[in-house]
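Could you walk me through this protein model, with the cut-offs behind each term spelled out along the way? A short report follows the structure.

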Amino acid sequence: MTSRDLYLSMVGIDDVILAKASRPSKNNKVIKFHKRLSFVAGICLALIISATAVAAIRHFWGRGMSGYLKSTDEQQQTLTETGQAIVYPELTDYSSYQITDQGVTIAPNTVVVGDDFAYISFTVSGFEVGENEEPAAELDYYLGDNPSTESSWVNGSSSFYDGLIIDDKGYIAYADGSEVKIGDDGNTIRHYYDEDGNLEYIIQIQAIDGVNTILGNTLHVNFTDLGIYPGNADYQSYITGNWDFTLKLPTVSNTQNIKVNKEVPGTNFTVESIDISPVSITVNYKVNGEVNASEDCLGMPEFTGFVLEDGTRLPYVANGGSSGFTDETEKYAVCSRAFDRVIDISQVKSILLWPDDFGGCDMVEVEIQ
């Protein structure tokens, strides 16, 4: 699949929401991505790395985070050395983060942050499912110390890492580069377990603009059940337990703001600037005329990818986020997106956008240099 439908199907759908749709929890403050933003003056995303940085100590993220963010060893070293990533197994008190219940041990593995986004992975040991079964979990996660307040809410998406990625051409591929295999049921065979027989659970969250922040905040994650998805978004419980974590998110953030001031072809929007990091972007727009909006669509351009200095096109980089107007007159707007990989900012020549969020249109290119 290479269509816009595939791209949209991967943005902002949370397995927790699907599993709990028929019985919501009052402590589950997870909202689907693409909610309209509150009125604020602007958004900052921050996380900047130097492509030439050399780390004295080798820091290796877990298999899941490495695949989820398609990161190289050098990128992993740099983000960890600069304090924007934490590798928990390297910590001297790592054992205090490991929680065992019902014979299953869960522990944080890697955390990567920007101002508005955070990626958190957990290693799960001792939980086994059948060869053709999809492992799943029931959990709650929130920011801050009070789950009953709005400041705890996050946009979120989470699932067990399955070894699959979407490559640069929009096709399904294995992160390790091996040939994709199809099972007897006609579906792609997924690789949930690593060579040690462990699973990795990935959570991606976005702070709600004007409500809370990521950097330096406290993230609470509570796994309460492990099971499988037998199909149709159902959930089947295998193990009930309590794996409760309180994680202090990194405080480091360095935004690269680039002034653009170029029109988005075929629209009434101008890209005034972008706030870009190796793992996320905010595109800041000025609205120059009427916007063709509807009940379900904002009618504004959406970030989707990049063109690099060497001409390489990366059209399917966006992986969750939000869009909205930042003032009551709707003369200014933003589009915030996480990435599905770590990006070398110095190599970005242009951004790729969908002209609107209605579908059925071609990508357009806006140079940023």
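## A sheet, its salt bridges and a helix

Strand E16 (residues 302-308) pairs with E17 in the antiparallel sense, over 2 bridges. Here two strands count as paired if DSSP finds at least two bridges between them. Helices (H or I, at least four residues) and strands (E, at least two) are DSSP runs, numbered from the N terminus. Val-307 has Arg-313 of E17 as its bridge partner.

This is a predicted model, and local features need a pLDDT of at least 70, while side-chain atom pairs count only at pLDDT 80 or more and totals for chains, interfaces and linings use all residues. Residues are numbered from 1 along each chain as its sequence is written, and side-chain values use heavy atoms, with hydrogens and water left out.

Back to the sheet. E16 and E17 belong to an open sheet of 4 strands, in the order E17-E16-E20-E21, with antiparallel pairing. Its edge strands are E17 (313-314) and E21 (364-367), each of which pairs on one side only. In general, strands of a sheet pair through backbone hydrogen bonds, either parallel or antiparallel.

Ser-350 offers a good view of this sheet, as it is found in strand E20. Ser-350 has a relative accessible area of 0% and is buried (buried means under 20% relative accessible area, exposed over 50%, partly exposed in between, with a 1.4 Å probe and protein chains only). Leaving aside neighbours within four places in sequence, Ser-350 is in contact with Gly-305, Phe-306, Val-307, Glu-365, Val-366, Glu-367 and Ile-368, where contact means heavy atoms within 4.5 Å. Gly-305 is 45 residues from Ser-350 along the chain, and their C-alpha atoms are separated by 8.7 Å.

### Salt bridges

How many salt bridges does the structure hold? There are 7, a salt bridge being a side-chain nitrogen of Lys or Arg within 4 Å of a carboxyl oxygen of Asp or Glu. Three of them are set out here.

| Pair | N to O distance |
|---|---|
| Lys-70 and Asp-340 | 2.9 Å |
| Arg-337 and Glu-302 | 3.2 Å |
| Glu-367 and Lys-349 | 4.0 Å |

Lys-70 and Asp-340 meet through their side chains. Lys-70 lies in the loop between helix H3 (63-68) and helix H4 (73-81), and Asp-340 in the loop between strand E19 (332-339) and strand E20 (348-354), so the pair ties together parts that are 270 residues apart in sequence. Lys-70 is partly exposed at 22% relative accessibility, whereas Asp-340 is buried at 9%. Both residues belong to a network of salt bridges that links Lys-70, Asp-168, Asp-340 and Arg-341.

Next comes the salt bridge between Arg-337 and Glu-302. The pair links distant parts of the chain, with Arg-337 in strand E19 and Glu-302 in strand E16, 35 residues apart. Arg-337 is buried at 0% relative accessibility, and Glu-302 is buried at 5%.

Glu-367 and Lys-349 also join distant parts of the chain, with Glu-367 in strand E21 and Lys-349 in strand E20, 18 residues apart. Here Glu-367 is partly exposed, with a relative accessible area of 35%, and Lys-349 is partly exposed at 29%.

### Helix H4

Which residues of H4 are buried? They are Gln-75, Gln-76, Gln-77, Thr-78, Leu-79 and Thr-80. Their cover includes H3, strand E2 (85-87) and strand E4 (104-113). Just after H4, Gly-83 takes a positive phi of about 85°.

### The chain and its confidence

The chain has 4 helices and 21 strands. Buried residues make up 53% of its 369 residues. Of the contacts with a separation of 6 or more, 67% are between residues 24 or more positions apart. The structure holds 0 disulfides (a disulfide is a pair of cysteine sulfur atoms within 2.5 Å). Cys-297 is buried at a relative accessible area of 15%, and Cys-335 is buried at 0%.

Finally, the pLDDT, which is the predictor's confidence in each residue, from 0 to 100, averages 84 over the chain, and 84% of the residues score at least 70. Over residues 1-56 the pLDDT is below 50, and this stretch has 170 contacts in the model beyond near neighbours in sequence. Among the elements of the chain, strand E1 (residues 30-31) has the lowest mean pLDDT, at 30, and strand E3 (residues 99-101) the highest, at 98.
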